[in-house]
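I opened this entry to go through the helices and the nonpolar parts one by one. My notes follow in the order I looked things up.

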Amino acid sequence: MKSRNYDLLVGGIFLILTITFIVISMTNEPFFDWVFERHHNQWSRYLRPLFLLPFCYFAYKKSFAGMMVSIFALFTSMFWFPKPEIVSKSVIDFLEFEKEYLYGEWNLSKQLLTLTIPISFIALGLAFWKRSVILGIAVVVLMATGKMVWSIQNAGESGKSILIPAILGLLICCGLIFYGFKRLEKK
């Protein structure tokens with residue numbers, strides 16, 4: 001019981017840290033700009049989907065702390081890499097669109113759409129907590145597809161700049177999730 005309480009405590013701390021990061025990003029424009037300058041680095045865009053792997057693993061192992069650390073790492077990985085010297089115009093345009101979207105008016109539609117993010121993570125966590133690889137992969141596919149459709153639908157041509165990182169990340173994640181799940185099931 002003691003280790004379960006410790007798991008919940010550490011998970012709660014990282015949940016608070018993640019929420020704090022989001023609040024600071026949304027209320028401190030200079031910090032947000034600093035983060036987004038580094039998010040222009042393509043490594044950031046390719047690395048981020050891979051954080052779904054430890055999230056799924058820790059959900060499978062029923063570790064709330066591991067899941068929350070994975071989410072914290074996913075969000076903060078936006079600024080882990082240095083600001084790139086060369087960035088394609090489509091990436092610049094898309095990230096500028098995202099900034100404007102995030103700092104624009106928060107109407108009911110945008111608020112409801114934003115709720116799909118925590119709902120997706122809850123669904124993904126539950127799928128692996130219940131050890132359903134098919135449901136888990138389906139959620140990952142829906143998350144990636146939703147991001148791609150939203151990006152293209154709302155940002156137009158520049159939204160296509162996420163297609164290669166998103167599709168590659170999706171294929172790698174699904175393959176590794178399936179492989180990892182099968183290995184865990186053999187043990």
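I started with the buried residues of α1, buried meaning under 20% relative accessible area, exposed over 50% and partly exposed in between (1.4 Å probe, protein chains only). They are D7, V10, G11, G12, T18, F21 and S25. Their cover includes α2, α5 and α6. Helices here are DSSP runs (H or I, at least four residues), numbered from the N terminus.

I noted that this is a predicted model, in which local features need pLDDT of at least 70, side-chain atom pairs count only at pLDDT 80 or more, and totals for chains, interfaces and linings use all residues. Residues are numbered from 1 along each chain as its sequence is written, and side-chain values use heavy atoms, with hydrogens and water left out.

I then checked the span of α1 (residues 2-27), taking the expected value as 1.5 Å times one less than the number of residues. Its 26 residues should span 38 Å, and the end C-alpha atoms are 37 Å apart, so the two agree.

I did the same for α9. This helix has 23 residues and reaches 32 Å from first C-alpha to last, close to the expected 33 Å. Its buried residues include V133, I137, V140, M143 and W150. The buried residues of α9 pack against α4, α6, α7 (108-114), α8 and α10. Just after α9, G156 has a positive phi of about 65°.

Next I looked up the largest nonpolar core, a core being a set of buried Ala, Val, Leu, Ile, Met, Phe, Trp, Tyr and Cys residues joined through side-chain atoms within 4.5 Å. It has 42 residues, and L52, F94, F121, L124, F128, V140 and I177 have the most contacts inside it. Elements giving two or more residues to this core include α2 (29-39), α4 (52-60) and α10 (163-186). The largest share, nine residues, comes from α9.

Is I177 buried or exposed? I177, in helix α10, is buried, with a relative accessible area of 6%. Leaving out residues up to four places away in sequence, I177 touches L53, C56, F128, V133, I137 and V140, contact meaning heavy atoms within 4.5 Å.

Last, I turned to I172, which also lies in helix α10. I172 is partly exposed, at 36% relative accessible area. With L50, L168, L176 and Y179, I172 forms a nonpolar surface patch of about 430 Å² accessible area together. For such a patch, residues need over 30% relative accessible area and no salt bridge, and nonpolar side chains (Val, Leu, Ile, Met, Phe, Trp, Tyr) are joined within 5 Å. A salt bridge is a side-chain nitrogen of Lys or Arg within 4 Å of a carboxyl oxygen of Asp or Glu. Areas are from the Shrake-Rupley method with a 1.4 Å probe.

Conventions
Patch = residues over 30% accessible without salt bridge, like charges linked within 9 Å, V, L, I, M, F, W, Y side chains within 5 Å.
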